[in-house]
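Here are a few exercises to work through with the model open beside you. Try each one before you read its solution.

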Amino acid sequence: MKVYGNESIMALKGADRVRKRPSVIFGSDGITGCQHAVFEIISNSIDEAREGFGDRIEIVRGMQGAITVKDYGRGIPVDYNAKEDRYNWELLFCELYAGGKFENNDEEYYSYSLGLNGLGLCATQYSSEYMDVDIKHGGYAYKLHFEKGENVGGLVKSKLEGKETGTTITWRPDADVFTDIHVPLDYFLDTLKRQAIVNAGLVFVLLDEESGEEYTFCYNLGLEDYIKEVVGEKSITAPFKIACETSGRDRADKPEYKLKFEMAFCFSNTVNLLEYYHNSSYLEYGGAPEKAVKSAFVSAVDGFLKNNGQYKKDEKKIIFADIEDSLVFISNSFSTITSYENQTKKAITNRFIQEAMTDFLKKQLEVYFIENLSEATALVGQVLVNKRSREQAEKTRLTLRKKLTGTLDLNNRVEKFVGCRSKDVSRRELYIVEGDSALGSCKLGRDAEFQAIMPVRGKILNCLKADYDKIFNNDIITNLLKVLGCGVELKAKDFNAFDLEQLKWNRVIICTDADYDGFQIRTLILTMIYRLVPTLIDEGKIFIAESPLYEITYGEKSRQKTLFAYSETEKMRILKRITSKVRIQRSKGLGENEPEMMWQTTMNPETRRLIQVIPDEIEKTQSMFETLLGDNIKARKAFIETFGHKYIENSLVEAI
């Protein structure tokens, strides 16, 4: 065993600082980390374009994971740096925390930059299998080549004809660093579209070598164009854009910094969207801008409702969720000092940014409501509709949760439900059986340790045709849902009282007679599950117990044996191999079966036959449910006219 002592302490050097711990810089050693490395290179090109150098960025998604980013900016300065007594290429590509953007709050260049930490370019180079760099700057062409974080061949410099400038970087992320290096096309499409939105007029061109497709993204008016694209003609209000430039500090003893931001929004009753960007980086988790938007909108809309007497007596105040449901909003902010939660830049925490955006947006909304009274009235009306719908859904959810969930104890009895002893959900089975007579035989034929019985009386309500009020006033359905214990999941807006973790059973087994009445009851139970708790089907929790059609007895009286056939075909197959005298009896209803037969044919895990209900061909299933059990009588009639002849013979046999 090694002794832990002074020699146990080590410092990672060079490329190992990234290659051995990529998640420290990129947030992950998986595909998300690899994607962040790609964005680091793209963001440098965006910073150049924002400073006014270049209006086009070209990206190639190459084969085998290779990536190229080309811009037409000034070109990275990589020649000798007398102040640092080193070549800039060594600092930029091989030294963490080196770059030209640290003094952005005092300098005129790179005032609002994505890359402020001096990490991204070097870290991406360190984490690559190879990287080729071609730079045109100051009348010279420069070439660099790296392999696994190490430079090969030094800096190659040559005189350049013409005045072209720019930087082209081609690299392949290293599979020794990232667990997945094949950045999907969707990532490029999403990222470049977002960057085009917040960098008005900047053209992004993506060539996907894998498919041969080329994509171009450009929004000349930036946020306004994007808002119009999102809502189309489905807006309650017209898109509204505001902008501000200011300066401030996060704390009295902290340096003052510059801030500018623009916001665009409208209200829609069919679309909602909230997106925040800072220095062009998409803030997936928001942070300061998100808090500002929530505070400002709630304050402004609540004030309008109070001032115009639109609240009912004792009505609760709106919350942001009521506004968010109809809000299409996008903000794009820039600051010379930015506090990100981490290097992945998915949220910012600047206190001044939050306060400045809150105050400005609140004042602008107050003015907007005054100057656009008809639109303001329409949008707050929609907010009230959202609020009252949410509150009604919440009230219904709480009522149903109380009604449908809870323990099956003496104080919460379900009539005629027969429980089991085991508390281990992974073993417990619930048999939903047809009628009281089936309850008796199943109760005697089951294993009481892990098998419970819930009888349903007659044909239950068709849950596809009935409305929710009628469904939840039906004792059979509510009792069955209470026994399941997991609540319901409705398609009604803002409603979900379902919790799969509360399901009390590993298997829910529908057990009905093998006749047409039994089939119909089975179908109605499945319809109820399909409409109210479809996740149970998705999770493979629902089963159908096959009941035998025939009881075949053969052999001498003293040594008679019985076999069961579950179909006509199986009956014929059994008869062909029996040579002695045979007695064939159509199976009785479940309620008439002896307990031993119930155990053998329906409940014994070793001998029973279960059909698992699976979500296969969901669209076809949904269409069939709606056709045969829904309200479309015309479609049902057409189906019967087309396919009814296939079932007439079976119906006649059953009748006989």
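**Exercise 1.** In which sense do strand E22 (residues 542–545) and E26 pair, and over how many bridges?

Solution. Start with the ground rules. This is a predicted model, so local features need pLDDT of at least 70 and side-chain atom pairs count only at pLDDT 80 or more, while totals for chains, interfaces and linings use all residues. Residues are numbered from 1 along each chain as its sequence is written, and side-chain values use heavy atoms, with hydrogens and water left out.

Now the strands: E22 and E26 pair in the antiparallel sense, over three bridges. (Two strands pair if DSSP finds at least two bridges between them; strands are DSSP E runs of at least two residues, helices are H or I runs of at least four, and both are numbered from the N terminus.) For one bridge, go to Ala545, whose partner in E26 is Leu610.

**Exercise 2.** Place that pair in its sheet: what is the strand order, and which strands stand at the edges?

Solution. First, the order: E20-E19-E21-E22-E26, an open sheet of five strands with mixed pairing. Next, the edges are strand E20 (451–456) and strand E26 (610–612); each has a single partner strand, so one side of each lacks a neighbour in the sheet. From one strand to the next, the twist averages 25°.

Then add the helix. Helix H18 (residues 595–603) packs on this sheet and touches strand E19 (429–434), E20, strand E21 (507–511) and E22. The direction of H18 makes about 95° with that of E20. (Angles run from 0 to 180 degrees between N-to-C directions, and axes are lines fitted to C-alpha atoms, for helices over the stretch in contact; contact means heavy atoms within 4.5 Å.)

**Exercise 3.** Which residues of helix H12 (residues 435–445) are buried, and what do they pack against?

Solution. Pick out the buried ones: Gly435, Ala438, Leu439, Ser441, Cys442 and Gly445. (Buried means under 20% relative accessible area, with a 1.4 Å probe and protein chains only.) Then look across from them, and you'll find E19, E20 and H18.

**Exercise 4.** Which strand order does the open sheet of three strands have, and which helix packs on this sheet?

Solution. The order is E24-E23-E25, with antiparallel pairing. Strand E24 (561–565) and strand E25 (582–586) are the edges, each with a single partner strand, so one side of each has no neighbour in the sheet. Here the twist averages 20° from one strand to the next. Five bridges join strand E23 (residues 550–554) to E24, and Glu551 stands opposite Phe564 in E24. The helix is H17 (residues 568–577), which touches E23, E24 and E25; its direction makes about 150° with that of E24.

**Exercise 5.** How do helix H8 (residues 288–307) and helix H10 (residues 351–371) pack?

Solution. Take the geometry: an angle of about 30°, with the axes 8 Å apart. H8 and H10 are therefore roughly parallel (under 35 degrees). The crossing is right-handed, that is, the near helix is turned clockwise from the far one by less than a right angle. Contact residues include Phe297, Val301 and Phe304 of H8 and Met357, Leu361 and Phe369 of H10.

**Exercise 6.** How many residues lie between E10 and E11 in their hairpin?

Solution. Four, and Gly212 in the turn has a positive phi of about 80°. The strands, E10 (residues 203–208) and E11 (residues 213–217), pair in the antiparallel sense over five bridges, with Leu206 opposite Tyr215.

Conventions:
Angles under 35 degrees count as roughly parallel, over 145 as roughly antiparallel, 65 to 115 as roughly perpendicular and the rest as oblique. Buried means under 20% relative accessible area, exposed over 50%, partly exposed in between (1.4 Å probe, protein chains only).
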